[in-house]
Amino acid sequence: MSARRRWIVTIVAGAALALLLPHLGVPTFFVSLLTQTWIIAIAAMSLDLLIGFVGLVNFSQAALFGVGAYAVAIGATRFHITGFAGGLVCGMIAAVVTAALFGLVALRAEGPGFIIITIALNQIVWGLAYQWVSVSGGDNGITGITRPPLGPFDLSSNTAYYYVCLAAFALTLAILMTVVRSPYGLVLKGVRDTPRRMRALGYNVWLYRYSALLLSSVFAGTAGVLFAWYNQFVGPVDLSLDQSTQFLIVTILGGIGTIYGQLFGALVVIFLSNELSSITQRWMLVLGVIYFAIVLYAPGGLVVLVPRLWDRLRGKRVAVVPAEHP
Amino acid sequence: MQFYIQNALGGLAYGSLLFLIASGLTLIFGLMRIINLAQTSFYLLGAYIGLSLVTHGWNFWLASLAGGIVTMALGLAVYSAFLHRYHADPLTSLLLTLGLTLILDDGILALWGGDPHSISPPAIFAGSLTFGTLVFPVYWLVVIGISFAIAAILFLTLQRTMLGVMIRAAVDDEEMTRGLGVDVNRAFYIVFAAGALIAGLGGLLGGPITSAYPGLDGELTPLAFAVVIVGGMGSLGGALAGSLIIGLVNAFGKALFPELSYFTIFVPVALIMAFRPQGLFGRKL
Amino acid sequence: MNDAQSACLELRGISKRFGSLGVLDDVTLTVRRGERRGIIGPNGAGKSTLFNIIAGELPASAGSVHLLGRDVSRLPAHRRARAGLARTFQTTTLFPRLTVVENLVLALQAHSPERFHLLAPRSRYRARDEEAVALLDRVGLAGCAEVLVDALGYGEKRQIEILLALAQKPQLLLLDEPTAGLAPADASLVTEMLKRERGGTTMVLIEHDMGVVFDVVENLTVLHHGRVVADGPLETIRGDAKVQEIYLGGNL
């Protein structure tokens, strides 16, 4: 089977499975975890656009995600923005505005400086959510967010909401995969690898980093909105540094610079943290060790590691094209 | 007036604790370009180890030293097993220290459980000082004194010893220093070990102020980074000044604007980072 | 045509200091359109710093840079590139994880609106790739089109380094030691590439290899300790006693 055929078969089979799953008699708990997986994968893909294709390790991705979640919550509870489209747009705009401000500050630095400054920026937003009780509800967060209907479809059932998140995931995947293969995506890779030459060629390096950050925030904000509706609750933990760390871990585990790899990262993290926690309390330790080992020994992530192991199991020694790693 | 003195003292005490964490952070970054996210986990680990020893009847100071030494051993083990290979690769080393944080946090949770522990200072320093209406714990002064003593030792080592000369040269220009035949790798080990030792030792020392609970490290990390940003990465003097500034801003921010105290710390920090990336006290990069 | 119009590059009183260290001191020079100018001088004379100032990577401490009659002193590097300036780097500065074609496409699409197109895959832009392959064909490298730059030999990388700048179709081309570190056979390939561009592009060349200099340029500027010590046609400079003394060691 050619590589291309193998791809197509995998995608079609995966899509069919994802579509049929809620009707195969799996426990609702399982459907619910998968819904969460689609949402976290969207956020991680938005982060991979920055890390894998622009070389920006953004520790404030949770702030963009969480601002989207808070925007839809505050919009619904205070301003009666209760529609699906209204809530979604509300969250996206909040995330983009936040990213636009963050970018002005953070993109004055590069490399380690950018990392440290985004830690500080995330902390600002977390601090607001945690302490500005009159607006954010503080540690108690905001409850009473109801899932709006999408046109004629009622989303209050887990199965219905599963399909909404699956569709959002598929759409994000399609858009981001196109973006990274577009002429603009090529420019991003150039900016990631050799900004100095890009400037000499006439590219405004700052503008590309900035625009990529804004683009990424659209999807991070979308994921935040979906997450708020999923939990019907938002709290400071949604935009904490820990949440940023989770996105980073999902992105690294899946495979930097792949976009689609983040689905596998999200699957592993969500299912490990939920399934493993019923077996052992030490799931975080297990996850930490797996993560540590992947950073050390398989920097391409699961999408490189798994096919390699698979081929080795079948006794084949096939050269695997390594994923791009900054 | 009383309000200001009270908060100023509390802020300085908290700030001098931050220095015990941030001094290692800034030296490790300045020398080997490793952003050590686990530095505050070292602090927490030191606190728990020290606490266990104290409950087994150890002397407070010895227990805190032991906490530092165990933490240092762990730090050295991780550094020599994994991290030393990535000193020129800030991303991978950052990701590894992040992994280390996850593992340490959960390990601590497994060993010591999730309940917060308050830690009492040694009995002779347990009291309060009273000046008129002003009342504050004696232990605040002790912590400030110890941190300044450690700062003095670090400064003297950097300024007056051969090792210090090597470290300063390597911070300035690693290639050149290697070219001169200096064993820079040895300096790396020593600095990483010292960073872990001081943070670990700080854990129990700071315990009476910060307590010890899972997640404390995650709360301290942004503050420690704020210190390094304000002071300038790689500058020990900057770390000291930055610690005190962040300590004071933190104390007054919490007292004056309880709803916005994170804002009052991190907005200036982000602006400093953006417009003066070398920090207030660092040299121009 | 008057002087201002015929000047491609004009430097007026450029000085550069790093702290207390003066690197360039009052450098003034004019390069005509179509001219091929060499800049020579011993190591530390300030040649690369001068290039970085012309290209906009470093601000000058004093003086101004004029490109095609326009003062570009305040423009950032990418705006100067858009105004018609291209440069190569002394140490190869390519995109190692991209293919040779992708490297060239980055140069070719730099001024086209398609650089902002993000919702169509690059496979829709076949013409660009063909343009890149055609450029490669001119130097006999069409065979490496789909190879990652990282996998190329050093000589090939140096050729691509120049090809990228040529693909920008510049009005002014700055070449920073194009043959640095090349074996003689590869160096002559590069020289041939540059000679083929003669007549069209205005070039300023920093080079240590005098063979290449004499092959490619017509006029020379000699820098020493950050100052222009001689400036003129190749033959005049060759005979200049001062230049021979400080730089050429008298054996030309």
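## A residue in the core, and the chains around it

Leaving aside its neighbours within four places in sequence, B:A226 is in contact with B:I246, B:I265, B:F266 and B:V269, and also with A:A120 of another chain. The model in which these contacts are found is a predicted one. Both B:A226 and A:A120 return in a wider setting, for the largest nonpolar core has 281 residues, and A:A120, B:A226 and C:L104 are those with the most contacts inside it.

Where chains A and B meet, 35 residues of chain A are in contact with 34 residues of chain B. On the chain A side, helices α5 (111–131), α11 (241–254) and α13 (283–297) each supply at least two residues, and α5(A) gives the most, with 14 residues. Chain A also meets chain C, where 30 residues of chain C are in contact with 22 residues of chain A. The elements of chain C that give two or more residues to this side are α3 (77–82) and α4 (100–108). The table sets out the classes of residue on these two sides, together with those of a helix pair within chain A that is described below.

| Contact | Nonpolar | Polar | Charged |
|---|---|---|---|
| Side of chain A that touches chain B | 25 residues | seven residues | three residues |
| Side of chain C that touches chain A | 17 residues | six residues | seven residues |
| α7(A) with α10(A) | six residues | two residues | no residues |

How do the two helices of that pair, α7 (residues 158–181) and α10 (residues 205–231) of chain A, cross? Their axes come within 11 Å and cross at roughly 170 degrees; angles over 145 degrees count as roughly antiparallel, and α7(A) and α10(A) are therefore roughly antiparallel to each other. In this contact A:Y161, A:C165, A:A168 and A:T172 of α7(A) meet A:F219, A:T222, A:L226 and A:Y230 of α10(A).

Chain C contains an open sheet of six strands with mixed pairing, in the order β6-β7-β8-β3-β9-β10. Strands β6 (85–87) and β10 (227–233) stand at the edges with a single partner strand each, so one side of each is left without a neighbour in the sheet. From one strand to the next, the twist averages 15 degrees. The partner strands β9 (residues 219–224) and β10(C) pair in the antiparallel sense over six bridges, and C:H224 stands opposite C:R227 in β10(C). Helix α2 (residues 47–55) of chain C packs on the sheet, touching β3 (36–40), β6, β7 (172–176), β8 (202–206) and β9, and the direction of this helix makes about 150 degrees with that of β7(C).

Notes. Residues numbered from 1 in each chain as written. Chains lettered and ligands numbered in written order. Predicted model: local features only at pLDDT ≥ 70, side-chain atom pairs only at ≥ 80, totals over all residues. Contact = placed C-beta atoms within 7 Å. Helix = DSSP H or I, 4+ residues; strand = E, 2+ residues; numbered from the N terminus. Nonpolar A, V, L, I, M, F, W, Y, C, P; charged D, E, K, R; others polar. Pairing = 2+ DSSP bridges. Axes fitted to C-alpha atoms, helices over the stretch in contact; angles between N-to-C directions. Core = buried A, V, L, I, M, F, W, Y, C linked by C-beta atoms within 7 Å. Buried ≥ 20, exposed ≤ 12 C-beta atoms within 10 Å, placed from the backbone. Parallel < 35°, antiparallel > 145°, perpendicular 65-115°, else oblique.
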